[in-house]
Amino acid sequence: MTTISAVHGTLPPHRYPQAQLTELFGRLCLPDRTARAVASRIHTSARVATRHLALPIEQYDALDGFTAANDAYLSAAVDLGCDAALGALEASGFSAADVDLVLSTTVTGIAVPSLDARIAARIGMRPDVKRVPVVGLGCLAGAAGIARLHDFLRGWPSSVAMLVSVELCSLTVQRNDRSPANMVAAGLFGDGAAALIAVGGDHEAEVTGPRVVDSVSHLYENSQRAMGWDVGDSGLKVVLGAEVPDLVRKHLAQDVEQLLAPHGLEVEDIARWICHPGGPKVIEAVQSVLGLDEDDLAMTWRSLHRIGNVSSSSVLHVLADTITSRPASPGDWGVLMAMGPGFCSELVLLRW
């Protein structure tokens, strides 16, 4: 069985209150007062207090196109990814040379060679480390990354695997896009990174932490325009449909049942819910359809409040917060879940 030996989240040092970020967005993207007032109302309702930016706030005026934004992404993403990876390795007791597979995920910039290659070279991974760069899963990828590490470790139980997520959402904001989707994204998404170390069953006696028992993936029909990017001359233009909470209400209960039923479990048996903070309406939809309350998703609401939605890194931050601030008891069950472009969900069953 796969054991999560350590998870470590990291954030850029540039932290700002929501009101200051709303002012920046309005100044860069919304020239008229009416649009700025609408954006301000949207940002106030996001339940986000502060977020972190990849760059100091005064440097965003100079990002006049996709090339400049992606160059900034490459520099900051590798630094943050290395910090996250080294933090997870230190917490796990393993070294970079122990890692047999590294899976990297990002959806907020383009890197070839991929982030995992750049990180591996900098922190001293072996030349024969297996690399799996994942692009396009968006918010889903933190949960999907854990599930794919588990798939690998079931076949290679003596291995050590790493997941590295880096998302710099602030570098994707479109200057000439006055759409509601851009307004919502500019008030919700933040920057950060996270890394996780997982080991196969041969290491079971050496490590402690939640164990991955099972996972479920669900790609929903006719939902490709619910979330994603339109890629154009100006870079990555957000696609964010109003139907996302409805998709959660329609499908999530069935997804959870599909995960739990083979193990004789029901919603009431789950002690820890580790949910991606997709935004207030999405979190409320999760609570409603599963019969949960704010306390059940307290770590999710807390993460949204403190750092916003950091795409694929967010659910890993929520997992780290849960382990640190709301530890489970031996034998407790947990469900880790996220949704993202596709539109789709990924659920992971954990046991402490």
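About 50 Å³ of space lies in the second largest cavity of this predicted model. Nine names would be a lot to keep in mind, so to speak, but here is who surrounds that space: Phe66, Ala69, Asn70, Tyr73, Thr108, Gly109, Leu171, Thr172 and Leu236 form the lining of the second largest cavity. Helix α3 (residues 66-92) is the top contributor to this lining, giving 4 residues.

Now for the largest cavity. Its space comes to about 410 Å³, and 32 residues line it. Nearest the centre of the largest cavity are Cys169, Thr172, Val173, Ala185 and Phe189. Two or more lining residues come from each of these elements: the helices α1 (18-29) and α6 (180-188), and the strands β3 (50-53), β9 (227-232) and β10 (235-240).

Where does the largest cavity lie with respect to domain 1 (3-199) and domain 2 (211-351)? Both domains supply residues to its lining, so the largest cavity lies between them.

Here are the two linings, broken down by residue class.

| Cavity | Volume | Lining by class |
|---|---|---|
| Largest cavity | about 410 Å³ | 21 nonpolar, 8 polar and 3 charged residues |
| Second largest cavity | about 50 Å³ | 5 nonpolar, 4 polar and no charged residues |

If you are setting up a cavity list, the count is 2 cavities when the cut-off is 30 Å³ or more. Thr172 is worth finding on the structure: Thr172 is among the residues nearest the centre of the largest cavity, and Thr172 also belongs to the lining of the second largest cavity.

Note on methods
Residues numbered from 1 in each chain as written. Predicted model: local features only at pLDDT ≥ 70, side-chain atom pairs only at ≥ 80, totals over all residues. Heavy atoms only, no water. 1 Å grid on protein atoms, 1.4 Å probe; cavity = no way out; pocket = protein on both sides within 12 Å on 5 of 7 lines; lining within 4 Å. Points joined across faces, edges and corners; volume = space filled by probe spheres on them. Nonpolar A, V, L, I, M, F, W, Y, C, P; charged D, E, K, R; others polar. Domains from an automatic or database assignment.
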